[in-house]
Amino acid sequence: MSADKGTETLLIGAEPRVDLLPLEVRKERRAKVIRRRLSLSALGVLLLVIAGTGASTALSLHAQQQLLDANDRTAALLVEQGKYIEVREVQDRVSLVQAAQQVGVSTEIDWKNYLQSVQGTLPNGVTIDEVRIDSASPLAIYAQPIAPLQGERVATISFVAESVVLPDVPTWLKALATLPGYADALPGSVTLDEATKTYTVDITMHVNEDAFLKRFQVEEK
């Protein structure tokens, strides 16, 4: 039998039940369940903290071990390098000597062969009577021209030539221009010695760095 909403319902044949527990007991039971769940949650958090701490400690120990291994390898390498310190000192001295050689001969010109080349340009019947050479040195900068249209130079050759006939100076200057390291050449006056019937001509020739011998020069790779 049932009744409308707001009325009691009578169930025929149902098992009779009566809750005689006080309200305080039921509240205590619910509190125990809540405390148990809180305890489990706290235990879970504690376990997570312990696991994180253990992982951090393991990583820290691993990093420390790697640092110790690296220090050991560094110490071993230093010991090995110490065995070859004499070799390095010899290599350093060799490098120093090579550098000194390169600097010392950086302005070297083979004047014997160069003057022979100059002599090879002489016109027929002309001989060189006097030669003066002013050359650069590794310790000082060679004076450069201040006049326009004159190239850079590293040496100056001044020579006096004699000839029994009037020398062909323009042709001679063209021949000098074919020499390696030629910068420019300036003819001086041509004079005639009436007593000896000999012509004298002054030539000033400038030489650029292409005439350097370049010994001990290290080729760039």
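**Exercise 1. Find which exposed residues sit on the face of H3 turned away from its buried side, then work out where the buried ones lie.**

Step 1. Look at the outward face of helix H3: Lys 112 and Gln 119 are the exposed residues there. Here, exposed means over 50% relative accessible area, buried means under 20%, and partly exposed is in between (1.4 Å probe, protein chains only). Helices (H or I, at least four residues) and strands (E, at least two) are DSSP runs, numbered from the N terminus.

Step 2. Now list the buried residues of H3: Trp 111, Tyr 114 and Val 118. Down the helix axis they fall within an arc of 65°, so they line one face of H3. That arc is taken from the directions from the helix axis to the C-beta atoms. An α-helix has 3.6 residues a turn, so residues three or four places apart point the same way.

Step 3. See what covers that face: strand E1 (126-135), E2, H4, E3 and E4 are included.

A word on the model before going on: it is predicted, so local features need pLDDT of at least 70 and side-chain atom pairs count only at pLDDT 80 or more, while totals for chains, interfaces and linings use all residues. Residues are numbered from 1 along each chain as its sequence is written, and side-chain values use heavy atoms, with hydrogens and water left out.

**Exercise 2. Do the same for H4: which residues are buried, and what do they pack against?**

Step 1. Pick out the buried set of H4, which is Val 169, Trp 172, Leu 173 and Leu 176. Seen down the axis of H4, these fall within an arc of 100°, so they too line one face of the helix.

Step 2. Flip to the other side of H4, where Pro 170 and Lys 174 are exposed.

Step 3. Check the partners: the buried residues of H4 pack against H3, E2, strand E3 (182-193) and E4.

**Exercise 3. Which residues have the most contacts inside the largest nonpolar core?**

Step 1. Get the term straight: a nonpolar core is a set of buried Ala, Val, Leu, Ile, Met, Phe, Trp, Tyr and Cys residues joined through side-chain atoms within 4.5 Å.

Step 2. The largest one has 25 residues, and Tyr 114, Phe 159, Trp 172, Leu 176, Ile 203 and Met 205 have the most contacts inside it. Helix H3 (111-119), strand E2 (155-163), helix H4 (169-176) and strand E4 (198-207) each give two or more residues to this core.

Step 3. Zoom in on Ile 203. Leaving out residues up to four places away in sequence, Ile 203 touches several others, including Phe 159, Trp 172, Leu 176 and Pro 187. Contact means heavy atoms within 4.5 Å.

**Exercise 4. Is Thr 156 buried or exposed, and what is in contact with it?**

Step 1. Find Thr 156 in strand E2. Its relative accessible area is 13%, so Thr 156 is buried.

Step 2. Beyond neighbours within four places in sequence, Thr 156 is in contact with Arg 132, Ile 133, Asp 134, Tyr 142, Thr 204, Met 205 and His 206.

Step 3. Try Ser 158, which also lies in strand E2. Ser 158 counts as buried because its relative accessibility is 15%.

**Exercise 5. Where is Lys 197 found, and what is its phi?**

Step 1. Go to the loop between E3 and E4, where Lys 197 is found.

Step 2. Lys 197 has a positive phi of about 55°, although it is not a glycine. Most residues other than glycine have a negative phi.
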